[in-house]
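Q: I would like a close look at a single part of this protein, with enough background to place that part in the whole. Please explain the chosen part step by step.

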Amino acid sequence: MIYSLVILVKYAFIYEIEDINKLTILMKLGAIAGSIMLLLFTLKFVLKLRNVQPDNRIKLNREEHNELFDFIHQICTETGAPKPKSIYVDPDVNAYVRYTNIWMSLILPTKKDLTIGLGLVSTLNLSEFKAVMAHEFGHFAQKSMKIGSYIHSANTIIHDMIFTRDKWDDILDQWRNSDIRLSAAAWVITPVIWLIRKALELFYMFLNLMHSSLSREMEFNADKVAVKSAGSVAIVSALWKLDYGFNYWNSILNNAYYASKKNIFTDNLYFHKSKFALKNKPLLDEKFNSLEVELNGSKKFFEKDEHSSVSMYASHPPSEQREANAKTPFVDCEFDERSPWELFSNKEKIQKEMTLFVYDKYFSQKPQNFVSEAEFEKFIESESRNLNLVDEYQNTFQNRFLNLPEIEILKSEQAFEGDFTQRLDSLKEELKVLMEPVLVLEEKMSIALNILNGETKLKSLNFNNVEYTKKNVTEAYNLIFAEREKLFNDTFREWDYKFVVSHYKLSLKHGFNDHYIKLIEQQKKIINVYRKLIEIKNQIVGDIQNIQSKSEVTPLMVNNLSEDIVNQTFRINDEINTIDESNFVSISNIDSVQELKESLVDGGQIKKESGNIFENGGIGKIMDSIEIGLINCNRVENKNLDEILILNKKLIEMEN
């Protein structure tokens, strides 16, 4: 394409005008300008290409980690893969290889780097770690990796050509709006650009489809390399553990983030990740022991769902297919249960260095003082939810807000009389009946999402006697979601009233009514902020979609929308400020009204943006603040709800 446009530019310059006049001169200049604009359209994305390297990793040197390097080089020898140019570590539960220079790799033989996630090191045993490393070196040895590099480069270029709008587009718009005698060429090339983009969009989809298929095949082949080095079980066992490793590490990161808000820092996150894994080991062992044993004597780690399928754009095959591939034929191998940390000469040093790196890169914090391991563990423990509290009530509070009666209505109630155990059993039976249609709807929502993502063999979903296929299953999901919300708001309101009032009556009997009232009032305030964030987010998204759907958008319309969105943030802040008027009750790790506000929204307020937020990046900051606020509100709402449920439990124990 670029070569053709270069010829077009050359031809526009050298083409001789037979009849020279104002019109032909303007046509000549227009042809030159138009051909140059078309050429720049294709060249600008190539010129923008950069060899971007990850900025969340630390390079290891052989002198400090000689045993690790020997271990890695031995795997290279076993797999026949070239040695990595450099070995890096990053904080997460992962491992990957990449070219040292992606663009140079397109034309020249280029070495590759290996990156090892320290979260991965904390998750696997030595045999599993070896299998994962061998898997990565399987990619080292694959010539198809260079094809992947070409596809990555092409994807970057084509994506920008299709979706990115920049100064070039602004110049074309200005050119079209000029005098028609000067802008004729601009109007000619505009549909050409549109056609190029549409053609590239189809090619982009096809390219990604082919790349996904190639990636899945590369994963199968890399797994075979892992089997050759570490046996059939190690790579499958590692896959099985990865989900748990991700969850454990994300839990530690979340706790570290919230702890940092209270200036509580640990000097070694990986110590706490290991403690968290050790605490959950009995549960993991129980799940492992319950796995089916196959004829070859190994555990069957993954079961195939008869309704599941592979998305065309999935880069990895399903785990059950990878397990079957790794075990055909079955290669037995001794298991080394030692930790991969034994390969690191000074594990505490690299763990602490990476911890500081995480605080800096992920949380923008540079801590100077650190609490003891025991104190940080205490914070983690205080952030953990008592799941038994919510399980006892059919998980009914998981996806909905508790409907709370007015405070004055509560205060008018009298102390409980009678058998509270009987009252509670009756409430639980009522709840069980109420949850039945909710569970049916949630199952349908799950099926709808699987159809949408291409992760099921089911082709359609029936809801309210209407058949929905992948083309319109989003509509079905929205309808089912709305139906569930209607159930929550209508049929649960009476149960919620009886649930809260019954326990309040019990609190009157045992002298905890003032504390109960304060918790209920605080829960109302938290829910109001939560709902306001949801409302404003939906309003902003709807307004933006509305203006995008218009055939013509003027600068005035954009400016007005910008002002409206900024004003919407004031409504959020007004709702947050009402917390000042309530009777504050301290809850786990939130000890003041200001802390409560800052726990709901970073800084206690949505920061005011000025100017045209669509031009200066303000819209992104506002939406990020709202999204983070929603996550924060979910945490705080659960905390306060837990305090209510804990008090309920205490009152029941006192009654019995």
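A: The following account moves from the whole chain to one helix, its partner and the cavity it helps to line.

The model is predicted. The chain has 656 residues, and buried residues make up 47% of them. Its secondary structure comes to 23 helices and 6 strands. Taken along the principal axes, the box filled by the C-alpha atoms is roughly 105 × 70 × 60 Å. Among contacts in the chain with a separation of 6 or more, 79% join residues that are 24 or more positions apart.

The part to be examined is helix α23, which covers residues 618-655. One helix that approaches α23 is α22, formed by residues 593-600. The axes of these two helices come within 7 Å and cross at roughly 130 degrees. An angle counts as roughly antiparallel when it is over 145 degrees and as roughly perpendicular from 65 to 115 degrees; α22 and α23 are therefore oblique to each other.

The residues that meet at this crossing can be named. On the side of α22 they are Leu 596, Ser 599 and Leu 600. On the side of α23 they are Gly 629, Asn 632, Cys 633, Arg 635 and Val 636. Sorted by character, the residues of this contact divide into 4 nonpolar, 3 polar and 1 charged.

Helix α23 also takes part in a cavity. A search of the whole structure finds 1 cavity of 30 Å³ or more, and the space in the largest cavity is about 50 Å³. Leu 389, Glu 392, Tyr 393, Leu 645, Asn 648, Lys 649 and Ile 652 line the largest cavity. Helix α23 supplies the largest share of this lining, with 4 residues. By character, the lining consists of 4 nonpolar, 1 polar and 2 charged residues.

For a view of another helix, one may turn to Asn 513, which is found in helix α20, residues 513-548. The relative accessibility of Asn 513 is 18%, so Asn 513 counts as buried, the limit being under 20%. When neighbours within four places in sequence are left aside, Asn 513 is in contact with Tyr 504, Ser 507 and Leu 508.

To return to the chosen part, helix α23 meets α22 through residues that include Asn 632 and Val 636, and helix α23 also provides 4 residues of the lining of the largest cavity.

Methods: Residues numbered from 1 in each chain as written. Predicted model: local features only at pLDDT ≥ 70, side-chain atom pairs only at ≥ 80, totals over all residues. Heavy atoms only, no water. 1 Å grid on protein atoms, 1.4 Å probe; cavity = no way out; pocket = protein on both sides within 12 Å on 5 of 7 lines; lining within 4 Å. Points joined across faces, edges and corners; volume = space filled by probe spheres on them. Nonpolar A, V, L, I, M, F, W, Y, C, P; charged D, E, K, R; others polar. Axes fitted to C-alpha atoms, helices over the stretch in contact; angles between N-to-C directions. Parallel < 35°, antiparallel > 145°, perpendicular 65-115°, else oblique. Contact = heavy atoms within 4.5 Å. Buried < 20%, exposed > 50% of the residue type's maximum accessible area, 1.4 Å probe, protein only.
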